[in-house]
Amino acid sequence: MVDLLYIAPTDYTPKVVLDPERGIFEISGCSLPDDTLKFYTPIIQWAEEYVLNPNSQTHFVIALDFVNSSSSKMIIDLLFVLQKTTIQGAEIDVHWKYDPSDDVIETIGVCIQESTNLPFILDPVRI
Amino acid sequence: MKDIPLYHLFTNVGEHDFFLVYRGVFSDNLTDKILQLNEKNVESSDILSSSRKKISFLLVESFQNILRYGGVLNQDLTSNTGMFILKLIDHNFYITSVNLIDTEQVEGLKCNIDDINSANREDLKKNYIQRLGDMASYTEKGTGLGFMEMVRKSQNPLRYTFQDHDAKQSVFYLTICFGDHARVDKSDSLINDQIYHYFVKNDILLTFKSEFKQDKIQPIWKIINDNLSVLSANNSANKKRFLALVALSQNITHHAVEQKRGILQVIKRGERLLFEAGNYISEANRTRLDQHFKLLKTMNFEQLHQYYLKQLSSTVEADFSGLALIEVFKYATQVDYEFMYDGDKIFYRISVEI
């Protein structure tokens, strides 16, 4: 089983918890990193290792207040990698959590949903 | 300085290490962010920590001056009359507060400041202690203590000027000069008395010129974000504005030549905001940008959306700046741009109205 990946949040980068042992997969907070590639590359590398031996079920939660376009792109790249879990016969779904009054984050979620083949649930919830 | 476009502001104000003009909401919240901004922008310089503490103190005093004499502490930007200017030039700081005062206060202020400026250090200290003891006999405003502390901490005389505003009010400019080589004897270049009227006439809320490294501009993001929530209760529009602001800033961070120097301006346009950003770019980037703008300007909203989805899903190496530009077009009601040639330099300006 791949190790836990935890990245503490800052004002402009999200909290990342990728913990196969406890079944927690979450990116939350604010994603406006200065160097988006640098921030998300370790997460994608972690995912490439994870999909070789994934949990039977992965619920991936994304709950972001602010997301720029480069973060959207990297999240889609991440989801492309995570799709490979299905090759192992495992299941995966993505929950895009957003405040129901936040149509901007909802729209970003819709864009990502339209860009991925994974089960993708838009989940309005008071954050 | 009549109708100066962004380019002239970028170049004509000189090679300031850092330059901020602010006409938004003044609050205690803002003070913290200005202090943070100042801290981030002087971190890499050789200024001693003891000097930084004094500069922070002077920033707060300057704010207090706006509050004390301007009398405008409400959240209504439409009636905001205070302005704050901060410049860092070759390790010397110039902190200017600008506000409207009753013209009948002018002579009293002049005498007060002249007396303080002409006192030697010992007399100033004595007068300061005496006034502290006399505090009960003064009204809320105008104890003069603030001015004394400014002179004592900066170790330079205060620079001031008054300008007629209307029949009853005058514009009061007060500059604190801090630094071993601060140019206290220069009359006009530090207190540009046309800035106030230019900024008020064009309803400019903020202009910021600096090296656009992310940690240096993040306090500006916070300052603008605070103003957004005061300006409008429309959370959706405010979120789009903030994301567009970040996109413009990060574009300067990643693509500006000449030490990542850029300029950012926020202007009120009725119910909307106009964000302008400018920086020098390379010829290669100019060509790429020009082509991209021309393409995006031909698209309606649905076409932009489809084009954006296509770029998001592309397996070709990510072009983040291209994506950011599409994002800006999606959020904005209007986007304009231009390139200005200055010798072998190319200045790129983008304006986004939301």
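This report walks through a β-α-β unit in chain A and the interface between chains B and A, all from a predicted model.

## A β-α-β unit in chain A

Let's start inside chain A. Strand 5 (residues 91–98) runs parallel to strand 6 (residues 120–124), and five bridges pair the two. One spot to look at in that pairing is A:Lys97, which sits opposite A:Asp123 of strand 6.

Helix 3 (residues 103–115) joins in here: together with strands 5 and 6 of chain A, helix 3 makes up a β-α-β unit, and the unit is right-handed.

## Where chains B and A meet

Now for the interface. Chain B brings 27 residues to the contact and chain A brings 26. Between them they bury about 2,300 Å², with carbon and sulfur atoms giving 60% of that area. On the chain B side, B:Lys239, B:Leu312 and B:Phe320 stand out: they supply 28% of the area that chain B buries against chain A, more than any other three residues.

B:Lys239 turns up again in a salt bridge, its side chain meeting that of A:Asp102 at 2.5 Å, N to O. In total, the rule finds two salt bridges across this interface. As for polar contacts, the count is 14 residue pairs, with both residues at pLDDT 80 or more.

## What chain B puts forward

Four helices of chain B each supply at least two residues to the side touching chain A: helix 8 (214–231), helix 9 (235–255), helix 11 (301–313) and helix 12 (320–331). Helix 9 gives the largest share, with nine residues. Sorted by class, that side of chain B has twelve nonpolar, ten polar and five charged residues.

Key: Residues are numbered from 1 along each chain as its sequence is written. Chains are lettered from A and ligands numbered from 1 in the order in which they are written. This is a predicted model: local features need pLDDT of at least 70, side-chain atom pairs count only at pLDDT 80 or more; totals for chains, interfaces and linings use all residues. Side-chain values use heavy atoms; hydrogens and water are left out. Two strands pair if DSSP finds at least two bridges between them. A crossover is right-handed if, with the strands pointing away from the viewer, the path from the first strand over the helix to the second runs clockwise. Contact means heavy atoms within 4.5 Å. Buried area is the accessible area (1.4 Å probe) that two parts lose on being put together, summed over both. A salt bridge is a side-chain nitrogen of Lys or Arg within 4 Å of a carboxyl oxygen of Asp or Glu. A polar contact is a pair of N or O atoms within 3.5 Å; within protein, one must be able to donate a hydrogen and the other to accept it, and residues adjacent in sequence count only if both atoms are side-chain atoms. Ala, Val, Leu, Ile, Met, Phe, Trp, Tyr, Cys and Pro count as nonpolar, Asp, Glu, Lys and Arg as charged, and the others, Gly among them, as polar.
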